[in-house]
Amino acid sequence: MLLLGIETSCDETAVGVVEDRTTLRANVIASQVELHAPFGGVVPEVAARAHLEQLQPTITAALAEAGCVLADLDGVAVTSGPGLAGALLVGVAGAKALALSLGLPLIGVNHLRAHVEVAQLEHGLLELPVLSLIVSGGHTSIVRIDADGTFTQLGATLDDAAGEAFDKIARFLGLGYPGGPVIDRLAREGDRAAHDYPRPMLHEPGFDVSLSGLKTAVVRDLRRLESVGTDVVVPDVAASFQEAIVDVLVARTVAAAATTGVGTVVLAGGVAANSRLRERMQPACAAQDVRLLVPAIRLCTDNGAMVAAAGANRLAVGMASPLDLDADPGLGLAEPTRTPVGPGAVAP
Ligand code: KG4
Ligand code: ZN
C-alpha cells in the first residue's frame, strides 16, 4: 500500500511517500523559511501563496524520490488541521483534486497525531498504549494514546507553546526566525547555569506546563542587564533559557509516565528536534524503565512523510474522508471527519 502525504499547515510545503505504513519512500520539503524571515514570523498570506506555487513541484519531486508514479498510489493523505486556514486549504484542495482525478481514497489527517505516528517509520507500528510529549510551534501537550487509537490529553501548556517560547526569546535577542534551531545551536557554546531562570509549575500536581512566566523573566532580566550596562552573553542566555524549558518538559513527561504506568514515550513535533531535550529525555526515561522513541530530526519538524504514515494507518482500517473534507484550523487533537471507505468516501 503506497500513500502520498501532503503537509501545508504552516510554512513548509512538504510531500512524503510511505509504503505499507512503516517504510519511508520519500520525504521532500520546500521550506519557506527565507520568505518569512524578514518578517520575524510566518505571514499567513505569504505562506498560502508559496504553498500554491510549490505544491505541484514538491509532489513531482516526492514521486521521483520514491521511484513511483501517480498510478502506483493507493491513497492521498493530507493535513486538514490544525494550522493556518489559507495554508491548509491549498493542501486540502490539492489532495482532493489528486484523489478525485485518480479515483483514490482521500484521507484527512490531524497534524498533531501525524507528528506522533511518524515514529512508526523508524520504530515499527507503535505498541499502544504510549504517551507522547507533543511540542511544536503552536502546541504543547502530553497525551496518552490507547489501543483503540483514542488520544487523551493529560496536560498542556496554559499559555505559550514550547516552540512559540523559543521563537519569542530568539526574536527578542535579535536571532531571527525560526528561533528554536538558533537557540539550540548557540546554547551549545553557553553556560546553562549562567542565569537562574524560573521553572514554572515544576512542583505542582498534574501535567500542565506554563511557559509565559519564564519568557517574561528572561525578557525582564535582559532589560535589567541592559539598564545597568552589563554585556549580555547571548549563548549563556540561550543555554539557561533552554535548560529551564527542558527541565519542565522532561519532569512533566516523566511524571506522566510514572503516574499512568505507560511504558513508552514518543517525543513529537518540531521542538523534539532540540538537542538538549533529546539528550535529557533519554536518561530520565531510562531511569524509570520507560522506552523512549525519538524520531530523526527531519521527521520531527513538519514533513509529508508523517502525514502519509498517519493516512496509511486510517486506510489500513478501512477509513477515509469524504470529498467535501474541510480544512479545520482549530482541529485540536480531534480526528477529522472520516467514514468507512466506500461510496461517498472514494472518488467515483
Ligand atoms: O512541528 P513544527 O515544525 O511546526 C508546527 O507544527 O508548529 O514546529 C516548529 C517549531 C518552531 O517553533 C521552531 O522554533 C521549533 O519547532 N524548533 C525547535 C528546534 N527546531 C525547531 N525548537 C527548539 N530546538 C530546535 N532544535
Ligand atoms: Zn508541526
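## Two ligands and some backbone features

An oxygen atom of ligand 1 is 3.2 Å from a polar backbone atom of glycine 163. The protein covers 89% of the 550 Å² of accessible area that ligand 1 has on its own. The model is predicted. A zinc ion is present too, as ligand 2.

**Where ligand 1 sits**

- Ligand 1 takes up the space of the largest pocket.
- Three helices each give two or more residues to the shell around ligand 1: H4 (111-117), H6 (162-172) and H7 (179-187).
- There are 19 residues around ligand 1.
- Gly137, Asp167, Asp184, Gly270 and Asn274 come nearest to ligand 1.
- Sorted by class, the shell around ligand 1 holds eleven polar, five nonpolar and three charged residues.

**Polar neighbours of ligand 1**

- Glycine 270 places a backbone N or O atom 2.9 Å from an oxygen atom of ligand 1.
- Histidine 115 uses its side chain instead: a polar atom there lies 3.0 Å from an oxygen atom of ligand 1.
- Histidine 115 also appears at the zinc ion, where its NE2 atom is a donor.

**The zinc site**

- Which residues coordinate the zinc ion (ligand 2)? They are His111 through NE2, His115 through NE2 and Asp302 through OD.
- The distances at the zinc ion run from 2.0 to 2.1 Å.
- Along the chain, the zinc donors follow the spacing H-x3-H-x186-D.
- Histidine 115 and aspartate 302 link distant parts of the chain, 187 residues apart.
- Histidine 115 belongs to helix H4. Aspartate 302 sits in the loop between helix H11 (297-300) and helix H12 (305-316).

**Cis peptide bonds**

- The bond from leucine 128 to proline 129 is cis, with omega near 10°.
- Where is proline 129? It lies in the loop between helix H5 (120-123) and strand E6 (130-135).
- The bond from tyrosine 177 to proline 178 is cis as well, with omega near -10°.
- Proline 178 is in the loop between H6 and H7. Helices H6 and H7 also give residues to the shell around ligand 1.

**A positive phi angle**

- Aspartate 20 is not a glycine, yet its phi is positive, at about 50°.
- Look for aspartate 20 in the loop between strand E2 (12-19) and strand E3 (23-31).

Terms used
Residues numbered from 1 in each chain as written. Chains lettered and ligands numbered in written order. Predicted model: local features only at pLDDT ≥ 70, side-chain atom pairs only at ≥ 80, totals over all residues. Heavy atoms only, no water. Near = heavy atom within 4 Å. Polar contact = N/O pair within 3.5 Å; in protein donor to acceptor, adjacent residues only side chain to side chain. Areas by Shrake-Rupley, 256 points an atom, 1.4 Å probe, with all protein chains shown as cover. 1 Å grid on protein atoms, 1.4 Å probe; cavity = no way out; pocket = protein on both sides within 12 Å on 5 of 7 lines; lining within 4 Å. Sits in = over half its atoms within 2 Å of the grid points. Helix = DSSP H or I, 4+ residues; strand = E, 2+ residues; numbered from the N terminus. Nonpolar A, V, L, I, M, F, W, Y, C, P; charged D, E, K, R; others polar. Donors = N, O, S within 2.8 Å, 3.2 Å for Na, K, Ca; no water.
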